[in-house]
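Work through the following exercises with the sequence and the three-dimensional model beside you. Try each task before you read its solution.

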Amino acid sequence: MKTLKIDHMSPRGEGVAIECGEKIFVPFALTGETVSVRIEGHYAELIDILAPSPQRVQAICRFYGQCGGCAVQTLTDGAYAAWKISLLENAAQREGLNLKILPMINAQGSGRRRVALHARMSNGIARVGFMASRSHRLVEINHCPLLVAELKPALKAAQDLSQILASREKPLDLAVTATPEGMDIDIRGAGDLASHETNALVKTAQAHRLARLTNHGRLVTLTQTPWIDIEGTRTPLPPGVFLQATQTGEEIIALKIKEALKKSKTVADLFCGIGAFSLRIAHYARVAAYDNNPLAIDALCAATRQTAGLKPLQAETRDLFNRPLTPQELVPFDTVVFDPPRAGALAQAKCLARSNVKTIAAVSCNAQSFCRDAAILIAGGYSMSAITPIDQFMYSSHLELIAIFTRRSDQPQDKRRLLG
């Protein structure tokens, strides 16, 4: 064992000690602490806290310190917010950006409405939980305090479903979403099911009153079609589809977008998913929505058809990573909203930087890719508003961001052509 002094915290929320000029990463340790560890390479297992930080508080979950689902639960509120903001500040510094950052908004609300659980098999027994930090070792849990109340039965349901498939000895992932009709669970990794497995899964799904059970998107059993409400629009939910982590987070982001788009008449919603923003925007502006998931687009179209009073809303399946909207295709739009996955929207940002779109609302859950894309837009002639950080990934190293970009009138068109 070794004694280390923690110098600072990493972007992943781990304590970082400097030993002989090398960084040693210590999960669950805080800045300034003296800790006893077991070192393996550049990583260490925390054995004991010899001198705790004055900013250390009690974790809210009894599995914290074993389970890697949360990065930081033991910081005071102020220190926790400062660490999260530092993720954005460091990313901005790497891109040479000088940002104005507003205070972080807590968007945990009633909890996370979706969760990805892992199941691992050993001697015919299924165990369900999350992975340990920087490990493929599963930590079995029976409760997570970050989930909405409707997902409280999720861990038991996932364990019972996985047990049916335990003899396969395959690692499984189970995507669970809370809906008004009940839990929606998509099993991933099982492969094709035998008839006796399907029958057993159906009975277990019924016992747990699941709204729907699918196997990698293929229907196993359906009680009622799961749906969510998007500002009064009843929207069908495809299996395993993306949703903002919390309902509160979605509503805060949507409000920020609505405030920025008050005068918009034609809007392109890029990486639109099932329309969390499109359906709200369509109450006051024409919308063209694009996403690479055809099931999400189908759900958005279905929701649009059954909702009266919307402005024209068209939705199209399109891979914006490989086929972004070109500057010419962007001509009809005075405003663009984009909310890409964590990898960001590099190709699309380059096209936007060469366009004449007046206003861009950029949403992201990754500070690094956000700052990279922001730097492209700024170089292309856009001014960026203050950034609003939104914490809907409580205790994780992820941070939701939203900023508004406005085309500068003094930006020469020929300079924009050079970008990308």
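**Exercise 1: two helices that cross**

The crossing of α2 and α3 is right-handed, a term used when the near helix is turned clockwise from the far one by less than a right angle, anticlockwise being left-handed. The model is a predicted one, in which local features need pLDDT of at least 70 and side-chain atom pairs count only at pLDDT 80 or more, while totals for chains, interfaces and linings use all residues. Residues are numbered from 1 along each chain as its sequence is written, and side-chain values use heavy atoms, with hydrogens and water left out.

Task: describe how the axes of helix α2 and helix α3 cross, and list the residues that make the contact.

Solution. Begin with the axes: those of α2 (residues 154-164) and α3 (residues 195-207) come within 9 Å and cross at roughly 165°. Because angles over 145 degrees count as roughly antiparallel, under 35 as roughly parallel, 65 to 115 as roughly perpendicular and the rest as oblique, α2 is roughly antiparallel to α3. Next, look for the contact (heavy atoms within 4.5 Å), to which α2 gives D160, L161 and I164, while α3 gives E197, A200, L201, T204 and A205. Finally, sort these residues by class, which yields five nonpolar, one polar and two charged.

**Exercise 2: the partners of α8**

Task: for helix α1 and then for helix α7, find the angle each makes with α8 and name the arrangement.

Solution. Take α1 (residues 77-94) and α8 (residues 367-379), whose axes are 8 Å apart and which pack at an angle of about 40°. That angle makes α1 oblique to α8, and their crossing is right-handed. On the α1 side L87, L88, A91, A92 and R94 take part, meeting A367, Q368 and C371 of α8; by class, this contact has six nonpolar, one polar and one charged residues.

Turn now to α7 (residues 346-353), which packs against α8 at an angle of about 15°, with the axes 8 Å apart. Here α7 is therefore roughly parallel to α8, and the crossing is right-handed. The contact joins L346, A349, K350, L352 and A353 of α7 to R372, D373, I376 and L377 of α8, and its residues divide into six nonpolar, no polar and three charged.

**Exercise 3: a pocket and its lining**

Task: state how much space lies in the second largest pocket, and say which element gives the largest share of its lining.

Solution. Start with the volume, which is about 420 Å³ for the second largest pocket. Of the 16 residues that line this pocket, P27, A44, E45, S133 and R137 are the closest to its centre. Two elements, β4 (34-40) and β5 (43-51), give two or more residues to the lining, and the largest share, four residues, comes from β5. By class, the lining has seven nonpolar, four polar and five charged residues.

Definitions and conventions:
On a 1 Å grid over the protein atoms alone, a cavity is a set of points where a 1.4 Å probe fits but cannot get out, and a pocket is an open set with protein on both sides within 12 Å along at least five of seven lines; lining residues have an atom within 4 Å of a point. Grid points are joined across faces, edges and corners, and a volume is the space filled by probe spheres set on the points. Ala, Val, Leu, Ile, Met, Phe, Trp, Tyr, Cys and Pro count as nonpolar, Asp, Glu, Lys and Arg as charged, and the others, Gly among them, as polar. Axes are lines fitted to C-alpha atoms, for helices over the stretch in contact, and angles run from 0 to 180 degrees between N-to-C directions.
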